[in-house]
Amino acid sequence: MRGDTARADFVIEIRERYGDVARNCWPVSVDPFPDELLSSWLHRLALANGIAPRSFAGVLGLSEGMWSPRLDLRLPRHVAGLLADQTSVPQEAISAMMMSACASAPLLLPLRENAHRNRSTWMQYCPQCFAADDAPYFRPQWRLASRVSCFAHGCGLRDRCPACHAGIATFDQGELVPQHFCVRCRFDLRAAPKASVKAAARRLERAIADICRVELARGWPKIGDAVSRVLSMPAAADLGSRRTLTNLSTAARIRCFEALAAKPPDWLVNDTDSAGAYRRWMIVAAGGHDALIARFADFLETHQGSPRRKRTPPAADRSALFAAYFRVMQPGGVRASARSRRARPPAPH
Ligand SMILES: [Zn+2]
Ligand SMILES: [Zn+2]
């Protein structure tokens, strides 16, 4: 028997002799969604097999508490092997759902079972994503302090239940209830009111995500520099908080992004080498890397003398554009020409 969804009315009462009846393979295998976090898949897998997430920790030989968020960060080999053996999901696909240990790991929200009202929680969510999902699931990017809005829906993320203000605690769910219901009060999180984020703040958020992604993908030695600047955003925003970004609630981080979006991006580029400063400045000014590439395509067309088109076609050779872009950004490239198309970039240091 297979199934992809876990529904509140889908109840299988086989808890008592589960080990006897499901010794070799669990009754239901749940396929992960693309871009699903490991803990989210584990909760859906447990529910589909008639086991409450809190009890599923014991099935995996783990103690209760934040057992599943911890597996997102570190998955013991024997647990990965057990999951692969008991489901039809390959071990590589299971490992791929973890939060990869990369240079941006310091941006992860800390694991807190109970967080004070104005502190961060370990997980955020988008009510509209949940509403659009066949079976609501959690995305890895919602674990990052540098994310405050949904790129798909343009609304702010939430980190608490709007009814009882508890954080996400599906790992502690003792009933057969899907994970888009608050564990503490059963509020349907799909009905959470829309949180707004100013457009300028969303542009800055996307630019920061792109800067981290681009610098990480190119093995840029300064990725640690970008991450530490993002962590220090509350100080740069001058909102009176000494905490790092990862310790602020989503609402406080939204205020932080909105305050910094109204300022020049000096806090992100000061005291870096000129090539790095120009690259970051241009991504922020364009509102993201894709927007920058589109502008760069226009720039190339203009300087190559080809007829100007109204819009870059979606099938444009993006890798060639990337290569050309980074050639231009090298010292001695045609950076000065690129500069002339923009307003004043930061002064070289
Ligand atoms: Zn969304
Ligand atoms: Zn609640």
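Is C185 buried, partly exposed or exposed? I looked up C185 in this predicted model and found a relative accessible area of 35%, so I entered C185 as partly exposed, since that class runs between 20% and 50%.

**Entry 1: zinc ion (ligand 2)**

I next listed the protein atoms around the zinc ion (ligand 2). The coordinating atoms are the SG atoms of C161, C164, C182 and C185, at 2.3 Å. I read the angles among the 4 donor atoms as 103 to 115 degrees, and the site is tetrahedral. Along the chain, I noted the donor spacing C-x2-C-x17-C-x2-C. C161 and C185 link distant parts of the chain: they are 24 residues apart, and each sits in the loop between helix 7 (127-132) and helix 8 (199-217). I then checked C161, which is buried because its relative accessible area of 2% falls under the 20% limit. C185, in turn, is the partly exposed donor with which I began.

**Entry 2: zinc ion (ligand 1)**

Which residues donate to the zinc ion (ligand 1)? I found C126, C129 and C150, each through SG, and H153 through ND1, at 2.1 to 2.3 Å from the ion. The 4 donor atoms subtend angles of 104 to 115 degrees, and I therefore recorded the arrangement as tetrahedral. The spacing of these donors reads C-x2-C-x20-C-x2-H. I looked up the accessibility of two of them. C150 has a relative accessible area of 6% and is buried, whereas H153, at 30%, is partly exposed.

**Entry 3: overall content**

I counted 16 helices and 0 strands in the secondary structure of the chain. Of the 349 residues, 50% are buried. I also looked at sequence separation: among contacts with a separation of 6 or more, 68% join residues 24 or more positions apart.

**Entry 4: the largest nonpolar core**

I found 81 residues in the largest nonpolar core, and W41, F56, L83, I94, W142 and M233 have the most contacts inside it. Helix 13 (residues 274-286) supplies the largest share, with 7 residues. Where does this core lie relative to domain 1 (18-95) and domain 2 (199-340)? Both domains give residues to the core, so I placed it between them.

I then examined F56 by itself. Leaving out residues up to four places away in sequence, F56 touches W26, L42, L45, A46, I51 and W67.

**Entry 5: helix 2 and its cover**

How many residues of helix 2 (residues 38-48) are buried? I found 11 of its 11 residues buried. The list includes polar and charged names as well as nonpolar ones in the entry, among them S39, S40, H43 and R44 beside W41 and L42. I noted that helix 3 (53-59), helix 4 (67-73), helix 5 and helix 6 (91-95) are included in what covers these buried residues. After helix 2 comes G50, for which I read a positive phi near 75 degrees.

**Entry 6: A84 in helix 5**

I located A84 in helix 5 (residues 77-86). A84 has 18% relative accessibility and counts as buried, because the limit is 20%. Beyond neighbours within four places in sequence, I found A84 in contact with V89, P90, Q91 and I94. I also took the C-alpha to C-alpha distance from A84 to C25, which is 9.6 Å across a sequence separation of 59 residues.

**Entry 7: helix 9**

In helix 9 (residues 223-231), I found I223, A226, V227, R229, V230 and L231 buried. What do these buried residues pack against? I listed helix 8, helix 10 (233-237), helix 12 (266-269) and helix 13 as their packing partners.

**Entry 8: confidence**

I closed with pLDDT. The chain averages 82, and 78% of the residues score at least 70. Among the elements, helix 7 has the highest mean, 98, and helix 16 (residues 335-340) the lowest, 40. I marked two stretches for caution. Residues 1-8 stay under 50, and the model gives them 25 contacts beyond four places in sequence. Residues 329-349 are also below 50, with 38 contacts beyond near neighbours in sequence. Where pLDDT is low, the predicted coordinates should not be read in detail.

Conventions
Residues numbered from 1 in each chain as written. Chains lettered and ligands numbered in written order. Predicted model: local features only at pLDDT ≥ 70, side-chain atom pairs only at ≥ 80, totals over all residues. Heavy atoms only, no water. Core = buried A, V, L, I, M, F, W, Y, C linked by side-chain atoms within 4.5 Å. Buried < 20%, exposed > 50% of the residue type's maximum accessible area, 1.4 Å probe, protein only. Helix = DSSP H or I, 4+ residues; strand = E, 2+ residues; numbered from the N terminus. Domains from an automatic or database assignment. Contact = heavy atoms within 4.5 Å. Donors = N, O, S within 2.8 Å, 3.2 Å for Na, K, Ca; no water. Tetrahedral: all angles 85-135°; square planar, octahedral: opposite > 155°, others 65-115°. pLDDT = per-residue confidence, 0-100.
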